[in-house]
Amino acid sequence: PPLLPSPPAGRIVLLAAGKGAGSMAQTAEDVYLNRLKLPPDRLAGVAVARHGYAQPTRVIEMIEAGHPIPDAAGLKAAEKALRLAESAGADDLVLVLMSGGASANWIAPADGVSFEDKQAVTRALLRSGANIGEINCVRKHLSRIKGGRLARHAHPARVVTIAISDVPGDDPARSAPSRSQPD
């Protein structure tokens with residue numbers, strides 16, 4: 001069986017982003033709802049994947065969003081993820097599942113940065129030839145969700161992040177939750 005954290009005394013708040021978000025959310029639902037028989041009302045969450053990568057889910061809301069240029073759907077998904085994280089209490093588990101594309105799919109502009117600014121910066125970085133590490137570094141500094149900020153929103157809940165990359169030889173330190181997210 002997949003290596004997912006044991007259910008907490010409270011809820012599991014599942015937040016997934018990236019091309020594999022739908023598949024990862026499906027697997028988590030299977031483990032918690034079917035195998036461990038967790039009541040559906042103890043599982044909540046949102047998964048956001050690039051357009052064309054959605055998967056059917058039972059409890060977790062599935063949203064398709066833009067990649068590599070963020071769109072309004074990614075903005076909506078990130079806002080929902082932040083609200084869900086903020087709703088988590090000390091007895092809850094916030095399970096963050098990330099895969100390639102997460103940084104582009106979770107768009108939560110930092111204070112003073114507009115959504116249009118984030119789109120323009122992404123376009124400019126892509127045109128400049130910046131590599132994904134450089135792009136994600138800039139994205140992190142312009143975000144309310146990246147760079148460990150999602151974990152701060154989830155406090156005092158326990159936060160567990162499982163991140164996978166679709167880049168062969170990717171350095172896990174570069175894609176750790178407190179650093180740039182994989183793309």
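Ala16 of strand β1 has Ala47 as its bridge partner in β2. The two strands run parallel, and six bridges join them. Keep in mind that this is a predicted model. Below is a quick tour of that strand pair, the nonpolar cores, one helix with a clear buried side, and the salt bridges.

**Strand β1**

- β1 is mostly covered, with six of its six residues buried.
- Which residues of β1 sit on each side? Ile12, Leu14 and Ala16 are on one side, while Val13, Leu15 and Ala17 are on the other.
- Both of those faces are covered, and the residues on them are all buried.

**The nonpolar cores**

- The largest nonpolar core has 26 residues, and the ones touching the most other members are Leu15, Val48, Val94, Trp106, Ile145 and Leu150.
- Several elements chip in: β1 (12–17), β2 (43–50), β3, α2, β4 (93–98) and α6 each supply at least two residues of this core.
- Helix α2 gives the largest share, seven residues.
- There is also a second, separate core of 18 residues, and its members include Ile12, Ala47, Ile60 and Val160.
- So β1 residues turn up in both places: Leu15 belongs to the largest core, and Ile12 to the second one.

**Helix α4**

- α4 covers residues 115–128, which makes 14 residues.
- From first C-alpha to last, α4 reaches 20 Å, close to the 20 Å expected at 1.5 Å a residue.
- Which residues of α4 are buried? They are Phe115, Lys118, Gln119, Thr122 and Leu125.
- Why do they line one face of the helix? Looking down the axis of α4, the buried residues fall within an arc of 130 degrees, so they end up on one face.
- The general rule behind this is that an α-helix has 3.6 residues a turn, so residues three or four places apart point the same way.
- The buried residues of α4 pack against α2 and α5.
- Over on the other side of α4, Glu116, Arg127 and Ser128 are exposed.
- Just after α4 comes Gly129, with a positive phi of about 90 degrees.

**Salt bridges**

- How many salt bridges does the structure hold? The count is four.
- As a rule, side chains of opposite charge can pair when their charged atoms come close.
- One of the four pairs Lys80 with Glu61, whose closest N and O atoms are 2.8 Å apart.
- Lys80 lies in helix α2 (residues 72–87) and Glu61 in strand β3 (residues 61–65), so this pair ties together parts that are 19 residues apart in sequence.
- Glu61 is partly exposed, at a relative accessible area of 30%.
- The side chains of Glu79 and Arg144 also meet in a salt bridge, at 2.7 Å from N to O.
- That pair links distant parts of the chain, 65 residues apart: Glu79 is in helix α2, and Arg144 is in the loop between α5 (132–141) and α6 (149–154).
- Glu79 counts as partly exposed with a relative accessible area of 25%, and Arg144 as partly exposed with 24%.
- Asp30 and Arg35 form another salt bridge through their side chains, at 3.2 Å from N to O.
- Are the two partners buried, exposed or in between? Asp30 is partly exposed at 25% relative accessibility, and Arg35 is partly exposed at 46%.

Methods: Residues are numbered from 1 along each chain as its sequence is written. This is a predicted model: local features need pLDDT of at least 70, side-chain atom pairs count only at pLDDT 80 or more; totals for chains, interfaces and linings use all residues. Side-chain values use heavy atoms; hydrogens and water are left out. Buried means under 20% relative accessible area, exposed over 50%, partly exposed in between (1.4 Å probe, protein chains only). Helices (H or I, at least four residues) and strands (E, at least two) are DSSP runs, numbered from the N terminus. A nonpolar core is a set of buried Ala, Val, Leu, Ile, Met, Phe, Trp, Tyr and Cys residues joined through side-chain atoms within 4.5 Å. The expected span of a helix is 1.5 Å times one less than its number of residues. The arc is that of the directions from the helix axis to the C-beta atoms. Contact means heavy atoms within 4.5 Å. Two strands pair if DSSP finds at least two bridges between them.
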